[in-house]
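I opened this notebook to keep track of what I looked up, one entry at a time. The entries go from the whole chain to single residues.

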Amino acid sequence: MSARVELYDGAYANYGSEVYRDIRLDTYGEDFGQTSWVTTEESREIPRLLDLKSSSSVLEVGCGSGGYALHLAENVGCRLVGLDVNEPGVRNANQLARARGLADRARFEQCDASKDLPFHDNTFDAVFSNDVLCHLAGRPKVICEMFRVLKRGGNMLFSDALVIGGMLSHEEIATRSSIGYYVYSPPGENEQLMERAGFREIRVVDTTESAARISKQWQQAREKRKKELISVEGARNFEGLQQFLSCVHCLTAERRLLRYLYVANKRA
Ligand SMILES: C[S@@+](CC[C@H](N)C(=O)[O-])C[C@H]1O[C@@H](n2cnc3c(N)ncnc32)[C@H](O)[C@@H]1O
């Protein structure tokens, strides 16, 4: 059985260090502070898919370091709230918002997004979540909560890299799950949950290749900096994360795990 491996605390607490920034640049090409399978092309597409405007108020569920939310606040000019359960992530996000002069437009709160979202009904013009729902227990309720806080006519988007595409051994599931709590879902389940929550105009894009590519690039970028990373993370965690990334690459390259991007609308 794979031992527990730490990813998010290290990535967010070391956000500003040169080695972690260089790894993000090598992995994604552009640094939005990502710890996910979101390619730069997808990052650029999201504002269009959500129809974001400078007047939009936006919720990001699982904002991690806050880098992408702040990119949107800066470039689209929208107002944004980011939620994440990870304390170093939320702290980093609020620090970055202040340092970039964006604190009046973007704020970040520590919150377990598997619980009721701390907002009134019909609050946001758009709600999105990049590679986070797989970490949350009770997905039917999570999707209903995203629907509830979205205004009528608003758009919702999320990605899920844990849709089952083929046979998986218990060792592969253990390695793929070594960084935390995960829920695997059968194809079609997310669409059904969205429909049941009330979402319409559901569109689904197969982005499995993105996860295969990003995991490979991330693994290689870390391998190149093995010595520096071991001094920060320790040898056991370094190797554990490398195995995790290799496992993601293998399972997505062979399409035994699939990643989908879902976009839907709350009808006006
Ligand atoms: C794969 S990362 C994605 C982060 C960011 N969206 C990105 O694209 O880089 C998953 C994120 O989900 C957060 N997370 C895990 N469980 C959570 C929960 N119960 N509530 C809120 N956030 C959670 C983690 O802390 C982490 O920041």
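What follows are my notes on overall form, charged pairs and a few single residues.

**Entry 1: the whole chain**

I began by noting that this is a predicted model, and I kept that in mind for every value below. I then looked up the secondary structure and found that the protein chain has 11 helices and seven strands. For the overall extent, I noted that the C-alpha atoms fill a box of roughly 50 × 45 × 30 Å along the principal axes. I next asked what radius of gyration a compact globule of 268 residues would have, and how the protein chain agrees with it. The expected value is near 18 Å and the chain has 18 Å, so the chain agrees with a compact globule.

**Entry 2: inside and outside**

I looked up burial and wrote down that 55% of the 268 residues in the protein chain are buried. The surface that the protein chain exposes comes to about 11,600 Å², with carbon and sulfur atoms supplying 50% of it. I also checked how contacts span the sequence: of those between residues at least 6 apart, 77% join residues at least 24 apart.

**Entry 3: charges overall**

I looked up the charged side chains and found 35 positive and 37 negative ones in the protein chain, the centres of the two sets lying 2 Å apart. As a reminder to myself, side chains of opposite charge can pair when their charged atoms come close. A search of the whole structure for such pairs gave 23 salt bridges, and I went through three of them in turn.

**Entry 4: aspartate 26 and lysine 224**

In this salt bridge, the closest N and O atoms of aspartate 26 and lysine 224 are 3.0 Å apart. The pair links distant parts of the chain, 198 residues apart, since I found aspartate 26 in helix H2 (residues 18–28) and lysine 224 in the loop between helix H9 (208–223) and helix H10 (226–233). I then asked whether each partner is buried or exposed. Aspartate 26 counts as partly exposed because its relative accessibility is 35%, whereas lysine 224, at 61%, counts as exposed. I also noted that Asp26, Lys224 and Arg225 are linked in a network of salt bridges.

**Entry 5: arginine 139 and aspartate 160**

Here the salt bridge has its closest N and O atoms 2.9 Å apart, between arginine 139 and aspartate 160. Arginine 139 lies in helix H6 (residues 139–149) and aspartate 160 in strand S5 (residues 150–164), so the pair ties together parts that are 21 residues apart in sequence. Arginine 139 counts as buried because its relative accessibility is 7%, and aspartate 160 is also buried, with a relative accessible area of 0%.

**Entry 6: glutamate 209 and arginine 213**

The third salt bridge joins glutamate 209 to arginine 213, with 3.2 Å between the closest N and O atoms. Both residues are in helix H9, and because they are four residues apart, about one helical turn separates them. For arginine 213 I noted a relative accessible area of 29%, which means that this residue is partly exposed.

**Entry 7: glutamate 42**

I found glutamate 42 in helix H3 (residues 40–49), and with 6% relative accessibility it counts as buried. Which residues is glutamate 42 in contact with, leaving aside its neighbours within four places in sequence? I listed Thr207, Arg259 and Leu261.

**Entry 8: two positive phi values**

Most residues other than glycine have a negative phi, and I therefore wrote down two residues with a positive value. Aspartate 51 has phi near 55 degrees and is found in the loop between H3 and strand S1 (57–61); at 45% relative accessibility it counts as partly exposed. Arginine 255, with a positive phi of about 55 degrees, lies in the loop between helix H11 (235–253) and strand S7 (257–265). Its relative accessible area is 39%, so arginine 255 is partly exposed.

**Entry 9: aspartate 104**

My last look-up was aspartate 104, found in the loop between helix H5 (87–99) and strand S3 (106–110). Aspartate 104 counts as exposed, with a relative accessibility of 66%. From C-alpha to C-alpha, aspartate 104 and glutamate 6 are 32 Å apart in space, and 98 residues separate them in sequence.

How values were computed: Residues are numbered from 1 along each chain as its sequence is written. This is a predicted model: local features need pLDDT of at least 70, side-chain atom pairs count only at pLDDT 80 or more; totals for chains, interfaces and linings use all residues. Side-chain values use heavy atoms; hydrogens and water are left out. Helices (H or I, at least four residues) and strands (E, at least two) are DSSP runs, numbered from the N terminus. The radius of gyration is taken over C-alpha atoms; the globule rule is 2.2 Å times the number of residues to the power 0.38. Buried means under 20% relative accessible area, exposed over 50%, partly exposed in between (1.4 Å probe, protein chains only). Contact means heavy atoms within 4.5 Å. Accessible areas come from the Shrake-Rupley method with a 1.4 Å probe; for residues, only the protein chains shown count as cover. Lys and Arg count as positive and Asp and Glu as negative; His and the chain ends are not counted. The place of a charge is taken as NZ of Lys, CZ of Arg, CG of Asp or CD of Glu. A salt bridge is a side-chain nitrogen of Lys or Arg within 4 Å of a carboxyl oxygen of Asp or Glu.
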